[in-house]
Amino acid sequence: MLRGACRQADPELFFPVAVAGPAARQAEAAKAVCGSCAVRASCLSYALEAMPEGVWGGTTLEERRAVRKRSVRRQASEQSLGPASAAMTGEIATHAAGQHAPPGRTA
């Protein structure tokens, strides 16, 4: 936070009171400050964990919620495919190595 580009800006800029109209323009102005920030990635990482109000790491709270929702869905999808993916990976690795195992078995 000590190296953030936001240190030079009015803190109120990063906390719009709504999501539409003038507040949307305010959020875009805050994001513009974030765009050139040297610590944007760290700021965004923190914001995705803590989910604070306002613009952090160039994202609004609503945008961070959407990112987290997609991440949760992706993780759930990967977990549900886990055993099948592992079995397929084993078969692919066996065939790629030129080894042949009886059906239903991997080498």
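1. Lys31 is a sensible place to start. With a relative accessible area of 16%, Lys31 is buried, since the cut-off for that class is under 20%. The model is a predicted one, and the values below should be read with that in mind.

2. Two acidic residues pair with this lysine. Glu63 and Lys31 meet through their side chains in a salt bridge, at 2.5 Å from N to O. Because Glu63 belongs to helix 3 and Lys31 to helix 1, this pair ties together parts that lie 32 residues apart in sequence. Glu63 is itself partly exposed, its relative accessible area being 31%.

3. The other partner is Glu28. In the salt bridge between Glu28 and Lys31, the closest N and O atoms are 3.4 Å apart. Both residues sit in helix 1, and because they are 3 residues apart there, about one helical turn separates them. Glu28 is partly exposed, at 48% relative accessibility.

4. Taken together, Glu28, Lys31 and Glu63 form a linked network of salt bridges. A search of the whole structure gives 2 salt bridges.

5. On the overall fold: the protein has 3 helices and 0 strands, and the order of elements from the N terminus is α-α-α. Helix 1 covers residues 22-35, helix 2 covers residues 40-50, and helix 3 covers residues 61-96. The chain has 107 residues, of which 21% count as buried. If one takes the contacts between residues at least 6 apart in sequence, 28% of them join residues at least 24 apart.

6. Which residues make up the largest nonpolar core? There are 5 of them: Phe14, Ala27, Ala30, Cys34 and Val55. Val55 touches each of the other core members, Phe14, Ala27, Ala30 and Cys34, and also Pro16, Lys31, Thr60 and Arg64, leaving aside residues up to four places away in sequence. Lys31, the lysine of the salt-bridge network, is thus also among the contacts of Val55.

7. The largest pocket has a volume of about 380 Å³. Its lining comprises 20 residues, and those nearest the pocket centre are Met1, Gly4, Cys6, Cys43 and Trp56. Helix 1 and helix 2 are the elements that give two or more residues to this lining. Helix 2 gives the most, with 4 residues. By type, the lining of the largest pocket divides into 15 nonpolar, 3 polar and 2 charged residues.

8. The second largest pocket holds about 250 Å³ of space. It is lined by 15 residues, with Pro16, Ala18, Val19, Thr60 and Glu62 nearest the centre. Here the elements contributing two or more residues are helix 1 and helix 3. Helix 1 supplies the largest share of this lining, 5 residues. The second largest pocket has 9 nonpolar, 2 polar and 4 charged residues in its lining. Two residues named here, Pro16 and Thr60, also appear among the contacts of Val55.

9. Tyr46 lies in helix 2 and is partly exposed, with 43% relative accessible area. What does Tyr46 touch, not counting residues up to four places away in sequence? Its contacts are Met51, Pro52 and Trp56. Tyr46 and Trp56 are 10 residues apart along the chain, and their C-alpha atoms are separated by 8.4 Å. Trp56 also lies among the residues nearest the centre of the largest pocket.

10. Met51, one of the residues in contact with Tyr46, deserves a look at its backbone. Met51 has a positive phi of about 50°, although it is not a glycine. It is found in the loop between helix 2 and helix 3. Is Met51 buried or exposed? Its relative accessible area is 18%, so Met51 counts as buried.

Key
Residues numbered from 1 in each chain as written. Predicted model: local features only at pLDDT ≥ 70, side-chain atom pairs only at ≥ 80, totals over all residues. Heavy atoms only, no water. Buried < 20%, exposed > 50% of the residue type's maximum accessible area, 1.4 Å probe, protein only. Contact = heavy atoms within 4.5 Å. 1 Å grid on protein atoms, 1.4 Å probe; cavity = no way out; pocket = protein on both sides within 12 Å on 5 of 7 lines; lining within 4 Å. Points joined across faces, edges and corners; volume = space filled by probe spheres on them. Nonpolar A, V, L, I, M, F, W, Y, C, P; charged D, E, K, R; others polar. Salt bridge = Lys/Arg side-chain N within 4 Å of Asp/Glu carboxyl O. Core = buried A, V, L, I, M, F, W, Y, C linked by side-chain atoms within 4.5 Å.
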